[in-house]
Amino acid sequence: MNVILESIVPIWLHEHRIQSSHLPILIECVIFGQIYQKDKKQQWQAEQLVEQDESTRLLITNTNIIPEYRYDRNIRVLIQLFILHIWPSLHSVQQNDILSQVIEKHRQVASKERRPRFCTNSLEHRIMLRSLQCILCLTSAIKNSSLLKTIYDYTIDALTRENEPSLRLLSEWIIVRLISEDRTTGLNDLYQYLQHAHQHKTGTVCAWISIASHIPSLLSDQAEQIDYLNKVFKYLSPLLIHSNFHIRTFACSTMIKLLEYIERHNLQNETSYDAYQFFKRNDEKSELARYTTKLQSLFIYQFDPIRDFSLETIFYILPKLSLIADDEYLWSEWFIEISQQLHLTFPMSVHNVSTILQSCPVGIWKLTASGKSEIGETQDEEGSSTIQHKANPYPVIEALDDTELRGSIKRTELIVVASLIDKQTNLGGLSRTGEVFGIKELIIGSIRILEDQQFLNLSMTSHKWLRIKQVQERELKDYLIDMQAQGYTIVALEQTINSQNLYEFEFPEKTLLLLGNEREGIRADLLSLVDATVEIPQAGVIRSLNVHVSGALCISEYTRNGLIINFLQLCSCVIWPFSKELYRKINCFLALGIWSQFTFFAQWWSQSNCVLYINPEDLEKVRHEHAIVIMNHKYDIDWLAGWIICQRLGIIQGSKIVGKQSLKLVPIVGWCWIFTESIFLRRVWESDRETLVNDLSKVLANYPKDYYFNFLLFCEGTRFTEKKRLMSMKIAKEKGLPELKHHILPRTKGFTLLLQGAENRIAAVYDLTIGFKNTGAEPTLLSILKGRSCQAEIFVKRIPVSKIPQDTEGCNNWVHELYQEKDKIYDYFVNHGTFEGNGLPRIEVPRNYYDLLNELAWILIIGVPSLIYLFKFLWTSSLLVRLMFVILIGVATIGVRAMIAVTVTERGSKYGEIHKDK
C-alpha cells in the first residue's frame, strides 16, 4: 500500500482532484492497519529503541527509509494529511462521496451484533476509531452546511448505540464542534436529551451530560453564556437524584465544572450560582463525592474541545489516555515529517499547545450494569511516556488500580511461575489462591487464558487484582536466568531425590516458585537451574478431595433435609380432617424450609440478585392479598428469580403453581407442591377444566386468616423456544392476532377459568416480565449450583381483578392484549439491557437472613453429625465399601443432573409445537 500511495498521491496533488475509481483506495487507507502478534510487536519496539539514537534517526531521514513498525501507520498519516490538504479543491459531489463512504465504513461495523471483547482493541473497534478520527478532522475543513448536518445526524445516531469509552468520546467531540456551527439546533437537542433522560440508555445520557460541560467555552458572548448556564442548571438538577449511579455522578461532575467556570468568569450574580454552589461542598467520604472526584480527575473532564483540537490529541494523546494499544498511536513528528516532504497544508495544528492532558492519569470510565464505576488503568506502567515505549519481552496485565483498596493489601515478594501448566481450571485456582495470599506476580504461558470461561469460573475475578505476566514455555529458561540475576531464589515444587519437606523448608524473601506440568512435571533442563526443590509430604496414595466430591456432599445434605420435610408434611396430613387451617399453617412453615434452600443457593451461595421495577404502592399491597402471578417463561430459572423476591418480601411460604402433572413427581419439590395444594393439569382441557374448578375451590375454603397465597401461572403453557414461537404465530395469524417477537401465543382458557372460579377472593393479577442481564452468568440451575452469579430484573404491573373482564370472550381478549404489551416491555429490555427508563421506578428489595439461618440450622442439625458419621464409617470400612460409596456418590450426582435437566429450556415439552388450540 505504501508503494501504491507513493505513485498515486503525487498524481492527485498535481491534478488537485481524485478520480472516482480511486475513491475506494482512499477510503481503505483511512482505516488501514491490522492487529499483529506478539513477536512482530517486539520487533517494532526494538526498532523504536534503535530509532531513538540521534545518528540512526538522521540516517533514516536522509535515506527516506521507513521502519517496518511505521508501515501501516505511515499510510494513515499520509492519507489524513492529504485529505485535509486537498479538501477545499474538491467538488462538492466528491466531498459528499468521501464523507459518505467513511461514514458507511463506520456504520458497517457499528451495526453488527457485537461479539465478546469486540471493543478491546479488536480490528472492528479500530476501524470505528479510525473512521471517527477522520470525521473529526474533517470538521475543521468542511464548510458545506449540508455535509455538517449529515455528520451531526449520524453521530447522534451512533452515540445512542455506542457505549465504548474511546469511541463515545470522539462522538461527543464531533457533536460539540458541530454545536458551535449551529447553536440553536444543537442546544435544543441537548436540552431534549437531558429533559427526557429516562427514555435513553445510560451511556447516551452520560455522553450528553459530558457535552453540556463543554458548551460554555464555545460561547463568546457573555449574555449567551449566562442564558445557557441558567437553562442547563434546570435540566441537570433532576439528574442529580436520578436512580442510575453513573448519571448522578456525571451530572454532579458537570455541575461542579460549570460552577467553577462561573467562578473563573465572575458570573455568580448573573446566574443561579447560589442555588447550586453547595454541590461543591459534598461530604468527601460519601460514595458520590469519591466517584465524582475520580471522574473529574480523568481526562474526559480535563479535556477542552477547542483548546485541545490538534492532530496530536486526536491520534496520540486521547488513544493513549483511553487505553488503546500503543501500535495504534500516530506521533506528531510523523505528521510534520510527511507534510514537509510533500508540502501539504491543512487547517488544524499538529501539536497540542496545552500540556494539561499529558498530565492526566491514564484511564477510562467504564459503564457497568451494577451501577458502580470501573476505572480501567494502563496495562504497562513503562508505557506512560509521551515519546517512546520501552521494549518489554513479557506482556503484563496489571491489577486494577484502586488506591484505597491497594493500600490495605500487603504483597509478598513471592513470584509463582505456572507457565508449564496447561489446564485452565488449575490456572484459575492458582490465580484465586495467589490473590488471596498476596503474591507479587503470577507467570503463565499465555495471557489469552484470561479470556477462557473455565479459567474465569475458577478465578472468580481474582485475575483483575493480581499482576499477571506472560512467559511462554520456550522463553522460560531465559526468564529464570534473568530472575536469578535480579537476586531471586528459584524453588521448584517437584519430587526429586534432593527434595526437602515443604513444611521444613525456609523460603527466602525473594522467592520464585516454579510449578510443573500436570503430567510431565518440570523439565530436566529447567531443574538444572533451580536453587532448591521442595515436595509435599504424603501419608497415603491420594490425599485430596476435589470439587466434585465436595459438591456431591452438599447435594446429599440438601436431599436429606428435603426428605425430612416431606416426611413431616406427610405426617401433617392426619390434621387435615380436623383443622384445614392448622394443616395449611404447618405446611406453609414446612414449605418455607424447602423453598429457602433454593433461595439460599441463589442469594448467598452464587450471590445472584434480582431487582424490581414496580410502583411502590403495589409493592406494599402484594404482602396482604391473594393474587394470580403471570410470568413469561423464557429462562430455565425465571421461577427462581420470582422466589427470591417472594422470600425477601416474606410471602414465599404461600407460593403455589398451576403446572403440568409431571411436576408433582419431582422428588422433594414436587411432593412439597402437592402438600401445599398446588394445581396440576394433564393439558387435556376436558379433565383440566374440572381439576381447576375443584382444586381452586378447595384452596379458597377455610384458608387461614392473615395467610396469603399466590398462584404462579405461565399462560404460554410451556417454556419458550423459537420453534414453538414460530408454530404459535401461525395460529395467531389464522386468528388475526398480532405477531409476538419474544413470547408464545398465550393459552387463555386456564387463566379465564381460574379468574372466574376465584369468586372475588383473589384481589389482583400481578404481571411479571423477567429478563436476565448479559453481565451475569447463564441463567441455569447448574450455574447457581456452581456459584456463578445471575443478575435478573423483573418488571411488575398490578392489575386489580375488578378491571379485568369477567366474561369468557372479554377475558380472552384481555390476556392477548396483555401479552402484546409484555412483548413490547421485553423488547425494550432486549434493546437496552435493562427495564430502567420504561416507566416504573427501580426498587431493590434487600435480602434478609431467614434462608441463611435456615441453611445453617440444617447444617448444624443434620450436616455436621452426618459428616462425622461418614468419615468414621469410611475410615473403618473396607476398600470395597469405599468403592461402593464412590459409585453411590456418582449415581447421586447423575440423578441430580437429571433433576436439573427438568429446568432446561431446550429440554422442555413438545406442548405448543402442534397446530392445536387447546
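**Exercise 1.** With the side chain of which residue does the side chain of N609 make a polar contact at 2.8 Å?

*Solution.* The model is predicted, so local features need pLDDT of at least 70, side-chain atom pairs count only at pLDDT 80 or more, and totals for chains, interfaces and linings use all residues. Residues are numbered from 1 along each chain as its sequence is written, and side-chain values use heavy atoms, with hydrogens and water left out.

Step 1. N609 lies in strand β11 (residues 609-613); strands are DSSP runs of E with at least two residues, numbered from the N terminus.

Step 2. N609 counts as buried because its relative accessibility is 18%, buried being under 20% relative accessible area with a 1.4 Å probe and protein chains only.

Step 3. The partner sought is E844, at 2.8 Å. The side chain of N609 also makes a polar contact with that of R648, at 3.0 Å. Such a contact is a pair of N or O atoms within 3.5 Å; within protein, one must be able to donate a hydrogen and the other to accept it, and residues adjacent in sequence count only if both atoms are side-chain atoms.

**Exercise 2.** Characterise helix α30.

*Solution.* Step 1. Helix α30 spans residues 722-735, 14 residues in total; helices are DSSP runs of H or I with at least four residues.

Step 2. From first C-alpha to last, α30 reaches 20 Å, close to the 20 Å expected at 1.5 Å a residue, where the expected span is 1.5 Å times one less than the number of residues.

Step 3. Among the buried residues of α30 are M727, M729 and I731.

Step 4. Just after α30, G736 takes a positive phi of about 75 degrees.

Note on methods:
Buried < 20%, exposed > 50% of the residue type's maximum accessible area, 1.4 Å probe, protein only.
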